[in-house]
Amino acid sequence: MLKGIATSSGIAIGKVYKLEQPTIVVNEGQTDSAVELQKFEDALQKTIADIEQIKERASATLKPEELAIFDAHLMMAQDPEYKDQIIGMIKDGNSADNATKQVSDMMIGMFEAMDDAYFKERAADIKDVSFRLLCNILGLTIPDLTAIDEEVVIVAEEMTPSDTAQLNKKYALGFVTEIGGKTSHAAIMAVALGIPAVVGCTGVMANCKHGDTIILDASEGIVIVNPNEEELKEYKVKRDQFLAEKEALKVLMDQPSITKDGHQVELVANIGSPKDMENVVSNGAEGVGLYRTEFLYMESTDDFPDEEAQFEAYKVVLEKAKGQRVVVRTLDIGGDKKLPYFEFEAEMNPFLGYRAIRLCLDRKDIFKTQVRALLRASVYGKLAIMFPMIATIDEFLNGKNFVQETKEELLKEGVAVSDDIEIGMMVEIPATAILADEFAKHADFFSIGTNDLIQYSMAADRMSEKVAYLYQPLNPSILRLVKLTIDGAHSQGKWCGMCGEMAGDPQAAPVLLGLGLDEFSMSASRILPTRKIVTSLDYKQMKEMAEKALKCQTEAEVKELINGLL
Ligand code: PEP
Ligand code: MG
């Protein structure tokens, strides 16, 4: 039995498809520049065509924001500076492959050394593109995952972005990789595709060959190569149980999210694009609690999306929600989220810097386009607008006034705008949680962004694996901030939601319920499991437990309290 890192959930049992990439050996001798230049040009054109073809095939299964990776790859392959540097080295007498390898390695090293998640990801893109280019120069064949036509479990050293994007859910039962962590691209993709995957499983490549039988338990991070009869039987039972439970949850589709003693909450979904609305509906969500609009901006490669493009996206989401509330978060860019067409000044701490509402209030031109599009779309459903990263009352009032002014401007132009738009804010900065009762005099609702709230409370970068142990949603300090926020909202008759990852965490649900959270916003796939938990609990009992949790000293004590109760 091998142990890796659990990513998604579920169990896969099947035949091994070993993804073996060709080995690159470059020619370091002197060469004929004219011949090599032609070889390079041909390979580069083939590489661009290959990427376009993969993108085309992947578009059948992937969402637009997931397809954006291929645009980044195409941009990289067509980057004039990259190309010119390679050509320069070929003209100096290097072979096409040697020149490509040297220039690529230099760029990969440069990006990997940068202290910024966005640029580190770019290093992965260059690796992916340059590997394809080198194979094309050397006439080596990259395995074609799209050609798989039987059910298999893929075993690989690493799954690159283009590998995962080529997976066909019909045949790829799951995958396991030697390399990768919980937040690696491959792991995130597995969750998005809804297939079982184990990453960081050291030794798996050496321990299996093509055609072996393999078991993958993605919830536990367990991998068994060539299992014995008993193991096979045990995991088949587990797999069938998992599938049966998943199926059984469907009866909760149209049920209210109500505790045994009659306390009702709202379970809503986080989305990143209009395409996600299919999942929202098919998973029984009661609306959208967070629409991360920055994806709309990140998908665009050359300029900010214009008012019309934004209006269309918001309108589609509102219409598909069929009268259920849609909370749209205004542009939350900066920090680790960059735009290819907008230059951010370098800052020592981008997560504490010029981002989100700070940027929007400073660049009203950018903000105006979004607010106009939102207000125009408001007549197509039940819109709520939410500002990210609010730190002060002034920021909130400036944002709210700006929406009001824009509304008046539109009405003067004769454009219809809904009269019933709630204006709320994210609570993801400790200062805001502490002053929540005052904020609640101005805001219609709160949504607690625990991903950032925990990072700022613990002073622990959410991108750093070294300090990941400080991500402690159930630490009493965090629970007290959550309580301050919920109580603050309720003191003014307002509602309080949560849209950070904590909202969909099964272990956190009982205590959040007990603290009085009104709305839980999470990945659509978490809705039904969470509804099952809510409907099995007693609100009064959870309130008592939450009181005790607030008086604990450590996260471990809180977990013990919750586990003891369930
Ligand atoms: C959060 O911070 O919890 C949140 C929901 O926003 P994001 O993860 O987009 O920063
Ligand atoms: Mg946030």
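Trainee: Which backbone N or O atom lies 3.4 Å from an oxygen atom of ligand 1?

Mentor: Keep in mind that this model is predicted. A polar contact is a pair of N or O atoms within 3.5 Å. Here the backbone atom belongs to glycine 449, and the ligand partner is an oxygen. Threonine 450 also brings a backbone N or O atom, 3.1 Å from an oxygen of ligand 1.

Trainee: Which side chain has an N or O atom 3.3 Å from an oxygen atom of ligand 1?

Mentor: That of lysine 337.

Trainee: How much of ligand 1 does the protein bury?

Mentor: Compare the ligand alone with the ligand in place. Alone, ligand 1 exposes 290 Å². The protein buries 98% of that area.

Trainee: How many residues surround ligand 1, and which are the closest?

Mentor: The shell has 13 residues. Arg292, Arg329, Gly449, Asn451 and Arg462 are the closest. Sort the shell by class next. Six residues are charged, four are polar and three are nonpolar.

Trainee: Which elements each supply at least two residues of that shell?

Mentor: Map the shell onto secondary structure. Strand β11 (288–292) and helix α17 (450–458) each do so. The largest share, three residues, comes from α17.

Trainee: Now a single residue. Is glutamine 370 buried or exposed?

Mentor: Look at relative accessible area. Buried means under 20%. Glutamine 370 has 0%, so it is buried. Glutamine 370 sits in helix α13, residues 364–377.

Trainee: With which side chain does the side chain of glutamine 370 make a polar contact?

Mentor: With the side chain of tyrosine 314, at 3.0 Å. Then read the wider contact list, leaving out residues up to four places away in sequence. Glutamine 370 touches Thr293, Tyr297, Gln310, Tyr314, Arg329, Thr330 and Leu331. Arg329 is also one of the closest residues to ligand 1.

Trainee: What about backbone angles? What is phi of asparagine 226?

Mentor: Start with the general idea. Most residues other than glycine have a negative phi. Asparagine 226 has a positive phi, near 45 degrees. Asparagine 226 lies in the loop between β8 (222–225) and α8 (229–248). Its relative accessibility is 43%, so asparagine 226 counts as partly exposed.

Trainee: Where is lysine 322 found?

Mentor: In the loop between α11 (307–320) and β12 (325–329). Phi of lysine 322 is positive, near 45 degrees. Now apply the accessibility cut-off. Exposed means over 50%. Lysine 322 reaches 73%, so it counts as exposed.

Definitions and conventions
Residues are numbered from 1 along each chain as its sequence is written. Chains are lettered from A and ligands numbered from 1 in the order in which they are written. This is a predicted model: local features need pLDDT of at least 70, side-chain atom pairs count only at pLDDT 80 or more; totals for chains, interfaces and linings use all residues. Side-chain values use heavy atoms; hydrogens and water are left out. A residue is near a molecule or strand if one of its heavy atoms lies within 4 Å of it. A polar contact is a pair of N or O atoms within 3.5 Å; within protein, one must be able to donate a hydrogen and the other to accept it, and residues adjacent in sequence count only if both atoms are side-chain atoms. Accessible areas come from the Shrake-Rupley method with a 1.4 Å probe; for residues, only the protein chains shown count as cover. Helices (H or I, at least four residues) and strands (E, at least two) are DSSP runs, numbered from the N terminus. Ala, Val, Leu, Ile, Met, Phe, Trp, Tyr, Cys and Pro count as nonpolar, Asp, Glu, Lys and Arg as charged, and the others, Gly among them, as polar. Buried means under 20% relative accessible area, exposed over 50%, partly exposed in between (1.4 Å probe, protein chains only). Contact means heavy atoms within 4.5 Å.
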